[in-house]
Amino acid sequence: MLATSLKHSAMTREITIVDLVACLGQNLSEGEIIQLANINASEFSEEVYYDVIRKKTAALFTASAEAGAISVHASDEMVKNARLFGEMIGIAFQIKDDIFDYSESKEIGKPTGNDMVEGKLTLPALHVLNTVKDKTAEEIAVKIKNGEATPGEIAHLIEFTKQNGGIEYASQVMYDYKEKALSLLASLPDTEVKVALAGYLDYVVEREKMTELFPVDNMRKPDGTHSIRLYL
């Protein structure tokens, strides 16, 4: 997919967009390396957590938003704001996905504790581990990072996280990022695009599933290209 993106970016004849997609590939690779390297780390670092999601999930949103602004020759200030807007959405999106991991609902589309099964500790657990300082929970967290935790131990840490405000903390952080993104729209004129972007922000933080499809129009234009419209 990344190679295809590079090919299509070259078709734009915009070297800035080609560079943008190339840097995206670099960020995704670095994010994966940081995540793998952190598995054996003894500390429970929120800083590393944010570093990983900025270079992985958020990087995709950031590149998409920035490429859109560049493609219409927006001002440098607008390109910067688009980039920041994409980053804020991407971080909020990933935190929402991480919160889903603590839900028992089968409608979400993700098994409970799936991140921990894969050795990942996300924001709700990291916050609680760093604030409550419970020895048993910390020992289980280390076992999770090493891939040695039992299903019972994972269930224990999930419940411990929920009982000590981990979900509420992560939700508040997510809404804070939403508000930061909304503030970047404040200076824009009231257009359909502005309304759509604000609506997408609502979708990101309020959705009930990991992935939900929007109805779309896929319209062929006179020049042979296609225009896709999403209904938010």
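Trainee: Which elements each supply at least two residues of the lining of the second largest pocket?

Mentor: In this predicted model, at least two residues of that lining come from each of α2 (15–38), α3, α5 and α6. Among the contributors, α3 gives the most, with four residues. The whole lining holds 26 residues, and those nearest the centre of the second largest pocket are Gln 35, Tyr 49, Val 52, Lys 120 and Thr 122. Its volume comes to about 470 Å³.

Trainee: How many residues of the lining of the second largest pocket are nonpolar, polar and charged?

Mentor: Sorted by class, the lining of the second largest pocket has nine nonpolar, eight polar and nine charged residues.

Trainee: Why is helix α7 called largely enclosed by the rest of the structure?

Mentor: A residue counts as buried when its relative accessible area is under 20%. Seven of the ten residues of α7, which spans residues 123–132, are buried, and therefore the helix is described as largely enclosed by the rest of the structure. The buried residues of α7 are Leu 123, Pro 124, Ala 125, Leu 126, His 127, Val 128 and Leu 129. In the protein chain as a whole, buried residues make up 39% of the 232 residues.

Trainee: What covers the buried residues of α7?

Mentor: The cover includes α3 (46–55), α5 (76–100), α6 (114–117), α8 (135–145), α9 (151–163) and α10 (166–185).

Trainee: What makes Lys 133 notable in its phi?

Mentor: Most residues other than glycine have a negative phi. Lys 133, which is not a glycine, has a positive phi of about 60°, and it follows α7 in the loop between α7 and α8. Arg 13 is another non-glycine residue with a positive phi of about 60°, and its place is in the loop between α1 and α2.

Trainee: Why are Lys 133 and Arg 13 called exposed?

Mentor: The word exposed is used for a relative accessible area over 50%. Lys 133 has a value of 56%, so it is exposed, and Arg 13 has a value of 71%, so it is exposed as well.

Trainee: How do you know whether Ala 3 is buried or exposed?

Mentor: Ala 3 has a relative accessible area of 58%, and set against the cut-off of over 50% for exposed residues, this means that Ala 3 is exposed. Ala 3 belongs to helix α1 (residues 2–11). Its C-alpha atom is separated by 9.3 Å from that of Ala 22, a residue 19 places away along the chain.

Trainee: Which residues touch the most other members of the largest nonpolar core?

Mentor: In this core of 42 residues, they are Tyr 50, Ile 95, Met 116, Leu 121, Leu 157 and Tyr 177. At least two core residues come from each of α3, α4 (57–71), α5, α7, α8, α9, α10 and α11 (192–206).

Trainee: What is Tyr 177 in contact with, leaving aside its neighbours within four places in sequence?

Mentor: Contact requires heavy atoms within 4.5 Å. With those neighbours in sequence set aside, Tyr 177 is in contact with Tyr 50, Arg 54, Met 88, Ile 91, Ala 92 and Ile 95.

Trainee: How many helices and strands does the protein chain have?

Mentor: The protein chain has eleven helices and two strands, and from the N terminus on, the helices run before the strands, in the order α-α-α-α-α-α-α-α-α-α-α-β-β. Among contacts between residues at least 6 apart in sequence, 61% join residues at least 24 apart.

Methods
Residues numbered from 1 in each chain as written. Predicted model: local features only at pLDDT ≥ 70, side-chain atom pairs only at ≥ 80, totals over all residues. Heavy atoms only, no water. Buried < 20%, exposed > 50% of the residue type's maximum accessible area, 1.4 Å probe, protein only. Core = buried A, V, L, I, M, F, W, Y, C linked by side-chain atoms within 4.5 Å. 1 Å grid on protein atoms, 1.4 Å probe; cavity = no way out; pocket = protein on both sides within 12 Å on 5 of 7 lines; lining within 4 Å. Points joined across faces, edges and corners; volume = space filled by probe spheres on them. Nonpolar A, V, L, I, M, F, W, Y, C, P; charged D, E, K, R; others polar.
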